[in-house]
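Trainee: I would like to go through this one with you. Can we start with the ground rules?

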Amino acid sequence: MSTGTLTRADLSDSIHRKVGLSKAEASDMVEHILACMCGALSDGEQVKLSGFGTFLLRDKGERIGRNPKTGVEVPITPRRVMTFRASQAMRERIAQGN
Amino acid sequence: MIRSELVQMLADDNTDLRHAEVEQIVDIFFEDIIAQLAAGGRVELRGFGAFSTRDRKARVGRNPRTGESVDVPAKRVPFFKAGKAMRERLNVS
């Protein structure tokens with residue numbers, strides 16, 4: 001596989017070739033997978049995908065930030081952030097480059 | 001949500017596909033992402049986020065139980081950054 005950037009189009013093309021769905025159907029499935037994950041996360045649910053990793057949510061409290069250009073202090077509002085923890089299997093494959 | 005729930009949700013919404021096909025599609029989706037990262041590339045899913053890898057330098061670590069020093073070799077690790085739309089969506093209540 002190339003070392004460029006993989007996008008939705010590459011994923012739908014791969015599904016189209018390997019599963020035999022039409023390009024439009026394959027593209028719909030890619031959108032659908034992402035929509036399901038987005039939906040669960042915006043409902044405050046973690047997304048755990050065995051062999052891949054876990055998308056976790058963290059609630060952060062208010063803190064004081066600083067505009068790096070002007071040095072002016074501004075409050076950073078409390079917010080929910082999403083982090084990803086890769087599975088052991090993914091970590092190993094990336095470390096080994098295969 | 002776990003993988004099997006994702007597969008079930010997709011199967012419920014795509015009744016023209018067999019369950020095994022939906023499973024295969026989900027497998028391909030995540031396998032392609034891992035393969036791309038393992039090959040040294042990145043993955044960009046607009047609105048959701050981007051996966052890339054970062055190189056970590058070798059360092060001297062410590063066994064937390066014994067306090068012994070251990071050499072941790074340089075390695076490449078996966079990294080994810082949530083997209084702008086996703087970050088905003090997490091904060092609408």
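What follows covers one helix and two pockets.

Mentor: This is a predicted model: local features need pLDDT of at least 70, side-chain atom pairs count only at pLDDT 80 or more, and totals for chains, interfaces and linings use all residues. Residues are numbered from 1 along each chain as its sequence is written, chains are lettered from A and ligands numbered from 1 in written order, and side-chain values use heavy atoms, without hydrogens and water.

Trainee: What span should helix α1 of chain A have?

Mentor: Helices are DSSP runs of H or I, at least four residues, and strands are runs of E, at least two, numbered from the N terminus. The expected span is 1.5 Å times one less than the number of residues. Helix α1(A) has 12 residues, 8-19, and its end C-alpha atoms are 16 Å apart, which agrees with the expected span of 16 Å.

Trainee: Why do the buried residues of α1(A) line one face?

Mentor: Buried means under 20% relative accessible area, exposed over 50%, partly exposed in between (1.4 Å probe, protein chains only). A:Leu11, A:Ser12, A:Ser14, A:Ile15 and A:Val19 are buried. Seen down the axis, taking directions from the axis to the C-beta atoms, they fall within an arc of 155°, so they line one face.

Trainee: Which residues are exposed on the other side of α1(A)?

Mentor: An α-helix has 3.6 residues a turn, so residues three or four places apart point the same way. Opposite the buried side of α1(A), the exposed residues are A:Ala9 and A:Arg17.

Trainee: Which elements of chain B do the buried residues of α1(A) pack against?

Mentor: Contact means heavy atoms within 4.5 Å. In chain A, the partners are β1 (5-6) and α2 (23-42). In chain B, they are α2 (19-38) and β1 (42-45).

Trainee: Which strand gives the most to the lining of the largest pocket?

Mentor: A pocket is an open set of points on a 1 Å grid over the protein atoms alone, where a 1.4 Å probe fits, with protein on both sides within 12 Å along at least five of seven lines; lining residues have an atom within 4 Å of a point. β3 (53-60) and β6 (79-86) of chain A each supply at least two lining residues. The most, 4 residues, comes from β6(A).

Trainee: Which strand gives the largest share of the lining of the second largest pocket?

Mentor: β6 of chain A and β5 (75-82) of chain B each supply at least two residues. B:Val77, B:Pro78, B:Phe79 and B:Phe80 are among the lining residues. The largest share, 4 residues, comes from β5(B).
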